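Visitor: Could you take me through one part of this chain up close? I'd like to look at the salt bridges along the helices and what surrounds them.

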Amino acid sequence: MTTALKDADNLARLERLRPRYERLNELRIRNAAERERAERDLAEARRSAVEIAGTDDLDELRAKITENYEENTRTIDEFAQVISGIEAALEAVNGQGA
């Protein structure tokens, strides 16, 4: 148990503690504001995801992204085949004319 102090001593201790308390209170206020902003940002991101992808479910969004990657790869593979076909046809035409 601590020794009881006179009021003047306790007041002095409180004054020494005040800057620490004020710093912590400012952090609390700042963190509350940042949390509110983060919650608004999250709500906006969810609305945007639903508008763009039709869902805000992370697993569904990941699946859609994977599907898009696969589709992009297939499309580029097809494009590469078309380019190769054109190159082969041009080589054949140029080879015949020589």
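Guide: One cut-off first: a residue is buried under 20% relative accessible area, exposed over 50%, and partly exposed in between. Glutamate 71, with a relative accessible area of 39%, is therefore partly exposed. Keep in mind that this is a predicted model.

Glutamate 71 pairs up with arginine 74 in a salt bridge, their closest N and O atoms sitting 2.7 Å apart. Both belong to helix α2, and being three residues apart they are separated by about one helical turn. Arginine 74 comes out as partly exposed too, at 44% relative accessibility.

Move along helix α2 and you'll meet another pair: aspartate 59 and arginine 62 join in a salt bridge at 3.4 Å, N to O. These two are also three residues apart, about one helical turn. Aspartate 59 counts as exposed, at 56%.

Helix α2 covers residues 58-97, with isoleucine 86 among them. That isoleucine is partly exposed at 45%, and together with Phe79, Val82, Ile83 and Leu90 it makes a nonpolar surface patch of about 460 Å².

Over in helix α1 (residues 7-53), arginine 35 and glutamate 39 lie four residues apart, about one turn. Their side chains form a salt bridge at 3.0 Å, N to O. Arginine 35 is exposed at 58%, while glutamate 39 is partly exposed at 43%.

Zooming out, the salt bridge count is seven. The chain has two helices and zero strands, and just 3% of its 98 residues count as buried. Its radius of gyration is 34 Å, where a compact globule of 98 residues would have one near 13 Å.

Conventions. Residues numbered from 1 in each chain as written. Predicted model: local features only at pLDDT ≥ 70, side-chain atom pairs only at ≥ 80, totals over all residues. Heavy atoms only, no water. Patch = residues over 30% accessible without salt bridge, like charges linked within 9 Å, V, L, I, M, F, W, Y side chains within 5 Å. Areas by Shrake-Rupley, 256 points an atom, 1.4 Å probe, with all protein chains shown as cover. Salt bridge = Lys/Arg side-chain N within 4 Å of Asp/Glu carboxyl O. Buried < 20%, exposed > 50% of the residue type's maximum accessible area, 1.4 Å probe, protein only. Rg over C-alpha atoms; globule rule 2.2 N^0.38 Å.
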